[in-house]
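Here is a friendly walk through one structure, written for someone who works at the bench. Please keep the sequence and the 3D view open as you read.

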Amino acid sequence: MSSLPVRGVDVGPETRCGHYHTDRDIVSFRFDCCDAYYPCFRCHAAVEDHEAIPWPRNRFNEPSVRCGACDSAFTVPAYLACAYRCPNCDAPFNPGCEAHADRYFETATRECDTGKADTGDTDG
């Protein structure tokens, strides 16, 4: 269970928000700039006064994705490997979140904080 709060617009008990509220919108994401989870990038923009910083590759071993059904938190690699289902309770996740992945965590197409393009190399 995660002790960090889920912040956003009209956040419900399973982390659905005012922006995304289908039965599969039960994932929240932790941003590197905040010590909290947000159901979506729009919620972060609505309640914070700074630019969102996606979860960095060098912290992928730390939990940063949270299931609203069972409240378990897991790593980005576990989320990417879960086939849009919670690795803990098997609740279905919205596959549409993939379209916004670069807003939640560093991807191969997003630039790192160093200003160099991320090549996707995970060997260190």
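How many salt bridges does the count come to? A salt bridge here is a side-chain nitrogen of Lys or Arg within 4 Å of a carboxyl oxygen of Asp or Glu, and by this rule the count is seven.

Before going on, a word on the source. This is a predicted model, in which local features need pLDDT of at least 70 and side-chain atom pairs count only at pLDDT 80 or more, while totals for chains, interfaces and linings use all residues. Residues are numbered from 1 along each chain as its sequence is written, and side-chain values use heavy atoms, with hydrogens and water left out.

**Charged pairs**

Side chains of opposite charge can pair when their charged atoms come close. The table lists some of the pairs.

| Nitrogen side | Oxygen side | N to O distance |
|---|---|---|
| Arginine 7 | Glutamate 48 | 3.5 Å |
| Arginine 16 | Glutamate 14 | 2.9 Å |
| Arginine 85 | Aspartate 90 | 3.1 Å |

The salt bridge of glutamate 48 with arginine 7 links distant parts of the chain, 41 residues apart: glutamate 48 is in the loop between helix H1 (41-47) and strand E3 (65-67), and arginine 7 is in the segment before strand E1 (27-30). Helices (H or I, at least four residues) and strands (E, at least two) are DSSP runs, numbered from the N terminus.

Are these side chains buried or exposed? Buried means under 20% relative accessible area, exposed over 50%, and partly exposed in between, using a 1.4 Å probe and protein chains only. Arginine 7 is partly exposed at 36%. In the next pair, arginine 16 is partly exposed at 23%, and glutamate 14 is partly exposed at 29%. Arginine 85, at 32%, is partly exposed, and its partner aspartate 90 is partly exposed at 45%. Elsewhere, Asp32, Arg59 and Glu62 are joined in a network of salt bridges.

**The sheet**

Which order do the four strands take in the sheet? They form an open sheet in the order E2-E1-E3-E4, with antiparallel pairing; two strands pair if DSSP finds at least two bridges between them. E2 and strand E4 (73-74) stand at the edges with a single partner strand each, so one side of each has no neighbour in the sheet.

E1 runs antiparallel to E3, and three bridges join the two. Along this pairing, valine 27 stands opposite cysteine 67 in E3. E1 is also joined by two bridges to strand E2 (residues 37-38), again antiparallel, and here arginine 30 stands opposite tyrosine 37 in E2. With six residues between them, E1 and E2 form a hairpin. From E1, Val27 and Phe29 point one way and Ser28 and Arg30 the other, and all are buried.

**Cysteines**

A disulfide is a covalent bond between the sulfur atoms of two cysteines. Here, a disulfide is a pair of cysteine sulfur atoms within 2.5 Å, and the structure holds zero of them. Why is cysteine 34 without a bond to cysteine 33? The sulfur of cysteine 33 is the closest cysteine sulfur to that of cysteine 34, but at 3.5 Å it is too far for a bond. Cysteine 34 is buried, at 9% relative accessibility. Cysteine 97 is in no disulfide either, and the nearest cysteine sulfur, in cysteine 40, is 8.9 Å away. Cysteine 97 is buried too, with a relative accessible area of 14%.

**A pocket**

Cysteine 97 also helps to line the second largest pocket, together with Tyr79, Leu80, Cys82, Ala83, Tyr84, Glu98, Ala101, Phe105 and Thr107. A pocket is found on a 1 Å grid over the protein atoms alone, as an open set of points where a 1.4 Å probe fits, with protein on both sides within 12 Å along at least five of seven lines; lining residues have an atom within 4 Å of a point. The volume of this second largest pocket is about 170 Å³, where grid points are joined across faces, edges and corners and the volume is the space filled by probe spheres set on the points.

**A glycine in a loop**

Glycine 96 is in the loop between helix H2 (76-80) and helix H3 (101-104). Glycine 96 is partly exposed, at 39% relative accessibility. The C-alpha atoms of glycine 96 and arginine 24 are separated by 9.6 Å, while the two residues are 72 apart along the chain.
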